[in-house]
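Q: Can you walk me through this one? I'd like the sheets first, then the surface.

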Amino acid sequence: MKAKRPTKAQRLSSTTISTLPQTIIENILCFLPIREAARTSILSREWRYKWTTIPKLEFGLPTVSEITTEEKLPYDIASARKNMDERCKLFNAIHQVLLMRQGPIHEFTFDPYISCNCFELDQIILHLSRNHTVKKLRLALDSEYSYKLPLCAFSMHQLTDLDLSHVDIDHQPIFSGFGSLRSLCLYSVKISKKALLHLLSNCPSLKRFSLLGFIGHKDCTIIELFDCLHVIEDLTIYGYNAPCSRLGSRRAFNLHLKYFCFEEMSLDDDHHLTFLAVLIKCSPNLEKIVLVAELEYYDVNEVYSGILEKYSDVWLEHIKELVVDYFNNSKPSMEFVKFILARSPKLKKVLIGSVVEKDEEAEMLKFLLQAPRASTVEIVVK
């Protein structure tokens, strides 16, 4: 009996995405918005539940369909109604997805892009903490409604990455620590000094830490902060969050920093310059420094207080690149760049984003090119 020839559909299916291993299919679906991934269920019976096993979930406004209304309402009423409709649809979508889950959730992102008080999020975080081994958690809330992080979030001991925006941590977490946490980003988080230091001191594997936006603490000393960052390699901090410049102790200590970014700072500010000098002295393994200055007017005749002269013994063996954005040609700023040039034998590049006039730029570049250097370095002013 003659064998039946395979149909065109059968021939195509043997060379399509359906033949790939399930883990690869899951990785591909992770690149799609959750709504688009769910739509793959209509492809065939075999694909009906493939999207329910992807380990990465991201929820935001694109998760739900755009809402249109033909009713002519006052702007504020229509806006409030639309915002409420979007919120309801978003949380309904999250609950439906969680109910249909057939696999673990390793990454969860909530970034709603809408103004709302997301108290419903408590139950979702509780569900994640009890039923899934979440490794990456990102909560990007709206600045209008700061969200109080529930205690159950601190029971997610498998976390490796935690990213929080506009969240309140107004209690000292009672937990044994995030032993696996490697990356922590706090943006406009309201947190006390005691809670911040307790949190950092219970993250023994932390390699990357970002402290951005307006944080509800101002009184940490440099020693207190650094004592909690034993193995930190990547640090980003805003100028107005810089710890108090007093050391609080004269004992020697070293950080393992390789990358440091200092945003919204000023080299004309003695407090910022002191913090920067102390950090550099305590970080002999630094490879890259990025400074993003405040966009303000600076007097080019600013008096230099000589702070850097107290750190004349600093020698940066590993630094390869210095980047300064919104750089001005004030005396303290120029002296800082000279300080780095003279003490960095492996420095390869200095990239300066200037805010001065073109004629002043040329003079500034000439001055820096004539400054003493410990290495053959390319200086670029743009």
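A: Sure, starting with a definition: two strands pair if DSSP finds at least two bridges between them. Strands (E, at least two residues) and helices (H or I, at least four residues) are DSSP runs, numbered from the N terminus. This is a predicted model, where local features need pLDDT of at least 70 and side-chain atom pairs count only at pLDDT 80 or more, while totals for chains, interfaces and linings use all residues. Residues are numbered from 1 along each chain as its sequence is written, and side-chain values use heavy atoms, with hydrogens and water left out.

Q: OK, so what's the strand order in the open sheet of three strands?

A: The order is 4-6-8, with parallel pairing. Strand 4 (147–148) and strand 8 (190–191) are the edge strands, each pairing on one side only.

Q: How many bridges link strand 4 and strand 6?

A: Two bridges, in the parallel sense, with strand 6 covering residues 167–169. Lys148 has Asp168 in strand 6 as its bridge partner.

Q: And Tyr147, buried or exposed?

A: Tyr147, which is found in strand 4, counts as buried because its relative accessibility is 4%. The cut-offs are under 20% relative accessible area for buried, over 50% for exposed and partly exposed in between, with a 1.4 Å probe and protein chains only.

Q: Which residue is 26 positions from Tyr147 in sequence, and how far is that in space?

A: That's Leu121, and the C-alpha to C-alpha distance is 9.1 Å.

Q: Switching strands: how does strand 3 run relative to strand 5?

A: Parallel: five bridges join strand 3 (residues 136–140) to strand 5 (residues 161–165). Arg138 stands opposite Asp163 in strand 5. Strand 5 also pairs with strand 7 (residues 183–187), in the parallel sense over five bridges, and there Leu164 stands opposite Leu186.

Q: What holds paired strands together, in general?

A: Strands of a sheet pair through backbone hydrogen bonds, either parallel or antiparallel.

Q: Now strand 13. Which strands does it pair with?

A: Strand 13 (residues 321–327) runs parallel to strand 12 (residues 288–293), joined by five bridges. Strand 13 also pairs with strand 14 (residues 349–354) in the parallel sense, over five bridges. For registry, Val292 has Asp325 in strand 13 as its bridge partner, and Leu322 has Val350 in strand 14.

Q: Let's do the surface. Which residues form the nonpolar patch with Tyr326?

A: Leu295 and Val355 join Tyr326 there, with about 300 Å² of accessible area together. Areas come from the Shrake-Rupley method with a 1.4 Å probe, and for residues only the protein chains shown count as cover. Patch members need over 30% relative accessible area and no salt bridge, with like charges joined within 9 Å and nonpolar side chains (Val, Leu, Ile, Met, Phe, Trp, Tyr) within 5 Å. A salt bridge is a side-chain nitrogen of Lys or Arg within 4 Å of a carboxyl oxygen of Asp or Glu.

Q: Why is Tyr326 called partly exposed?

A: Because its relative accessibility is 37%. Tyr326 lies in strand 13.

Q: Which residues make up the negative patch?

A: Glu357, Asp359, Glu360 and Glu363. Asp and Glu count as negative, Lys and Arg as positive, and His and the chain ends are not counted. Each charge is placed at NZ of Lys, CZ of Arg, CG of Asp or CD of Glu. Glu363 is found in helix 10 (residues 358–369) and counts as exposed because it has 53% relative accessibility.

Q: How about Glu335, buried or exposed?

A: Glu335 counts as buried, at 15% relative accessibility. This residue is in helix 9 (residues 331–342), and its C-alpha is separated by 9.7 Å from that of Ala371, 36 residues apart along the chain.
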